[in-house]
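Grab a pencil and have a look at the fold below. The exercises go from the whole chain down to one strand, and each comes with a worked solution.

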Amino acid sequence: MRCLVTGATGYIGGRLAPRLLEAGHEVRCLARSAGRLRDVPWAGRTEIVEADLSEPETLPAAFEGVDVAYFLMHSLGRPDFEQLDREAAKNFATAARAAGVRRIIYLGGPEPPAHERPSAHLRSRAEVARILLDSGVPTVVLRAPVIIGSGSASFEMLRYLTERLPAMVTPRWVKNRIQPIAVRDVLRYLIGAAGLPPEVSRGFDIGGADVLTYTEMMQRYARVAGLPRRIVLPLRPLSPWLSAHWVGLITPVPNSIARPLVASLIHEAVAHENDIAEVLPGPPPIGFDEAVRLALGKIRDADVETRWSTAAGLNPSAEPLPSDPDWSGGSLYVDERSRPVQASPGELWRVIEGVGGENGWYSFPLAWSVRGWLDRLAGGVGLRRGRRDKHRLRVGEALDWWRVEEIEPGALLRLRAEMRVPGRAWLEMRAEPDGNGGSVYRQRAVFLPRGLGGHLYWASVLPFHGIVFNGMARNITRTAETSGGRT
């Protein structure tokens, strides 16, 4: 079958597309920017169509000739995510029906009991499910609770809270029951649903083998990870809002995403039926401990396919860097530095491509750390997103508070800032041959201010640039010279 995957730049979609290919299907990926999928290993085996679910006129070409369409996008992290997802679902459903798509598949969230007021996150997921089920196209909705897998937002929350806090005061929802499911089982259901007969058009609860409280999940994670038993003290007054801020400070997940996720945990997330086993027979889902063991193994082996942060950034429509040296669209502040390097361009490039994450930024670690904490306190992403792979980067993926905007292997790395600043910022690093067997390192920081606050911001940080950016250029070149480019 020909399968259309939306959200292929995200956590689930980025894993589903290659597995659909392995199952023998043709895959077409819908993306706002084709460049975001340029560097994924399976890109050459798929058709990538540029379209936007918020712009209906761009969709007919993407849906033409499609048998199965996967709706895997969401706007979590945006203040207007409910409205954005509602419009996207309506446009998706209309385009699928007009193109004669035979099946829609949607990965949603659990339905809370009817007597409880759902969180905004779960309310939005349920609304999208209704829109798709009412589309006139046979639709399968898979209602998944917490997904356990290397790089998932829910797993990162659990992992960092448990590893960093041997004792913690927690809100009441840690006593709620959850039926976590491994990402591999979610993917198996998503692929299997493509072959269901047209008369199957409904929602299904999916969950793993274990029903646990969040406290039990933390204790069992600690046991699998070889950590001492955690001390957990539930505190009644600790609201979801305060919990989200605490999660935002302790884990890599920023407040904008932690808030709706935490708000959803006030509801129990347990499957109320297991009808999926009748229509998609197969091995039962694996248990929580095994899911954690597999996820930790992927992290340990640096084999994390996708992460929650690979999804579109907080400002997915950000314009590219104004690259014309004579750009005349307004004020543009630039800090440029270059240094000769007694190492080959290839050795220099290995250091450039390895920046960030555990490798750091080669300059004034305290200043970077303080700036990261300030960004977290302001509700930004901070530095804790790290990197997916210690040595290799791809266009579109997150790197601490940056987003990889462009890579020319061996030559150029361009990063776009996703920290909270009154304007837009980029950082470029280049490796160029010097004609004598060595190389030249070129570094450029660019800031496009927004309003008076942007100009004041640049003026306030300008005194630090000589320390931070000069030290960065010096230490990157020194590392390339002394370690042969190994980071």
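Here are three exercises on this predicted model.

**Exercise 1.** Work out how the radius of gyration of the chain compares with what the globule rule gives for 487 residues.

*Solution.* Start with the inventory: the chain has 14 helices and 19 strands. Next, take the radius of gyration, 23 Å, and set it beside the rule's 23 Å for 487 residues; the two are close, so the chain is as compact as a globular protein of that length. For the outline, the C-alpha trace spans about 70 × 55 × 45 Å along its principal axes.

**Exercise 2.** Find out what share of the residues is buried, and what share of the contacts with a separation of 6 or more links residues 24 or more positions apart.

*Solution.* Burial first: with buried meaning under 20% relative accessible area, 56% of the 487 residues qualify. Then the contacts: at a separation of 6 or more, 75% of them join residues 24 or more positions apart. Finally, turn to the surface, where carbon and sulfur atoms hold 53% of about 21,000 Å².

**Exercise 3.** Which way do the side chains of strand β6 point, and are they buried or exposed?

*Solution.* Locate β6 at residues 139–143. Recall that side chains in a regular strand alternate between the two faces of the sheet. Now sort them: Thr 139, Val 141 and Arg 143 go one way, Val 140 and Leu 142 the other, and all are buried. Last, check the neighbour: β5 (residues 103–108) pairs with β6 in the parallel sense over five bridges, with Tyr 106 opposite Val 141.

How values were computed:
Residues numbered from 1 in each chain as written. Predicted model: local features only at pLDDT ≥ 70, side-chain atom pairs only at ≥ 80, totals over all residues. Heavy atoms only, no water. Helix = DSSP H or I, 4+ residues; strand = E, 2+ residues; numbered from the N terminus. Rg over C-alpha atoms; globule rule 2.2 N^0.38 Å. Buried < 20%, exposed > 50% of the residue type's maximum accessible area, 1.4 Å probe, protein only. Contact = heavy atoms within 4.5 Å. Areas by Shrake-Rupley, 256 points an atom, 1.4 Å probe, with all protein chains shown as cover. Pairing = 2+ DSSP bridges.
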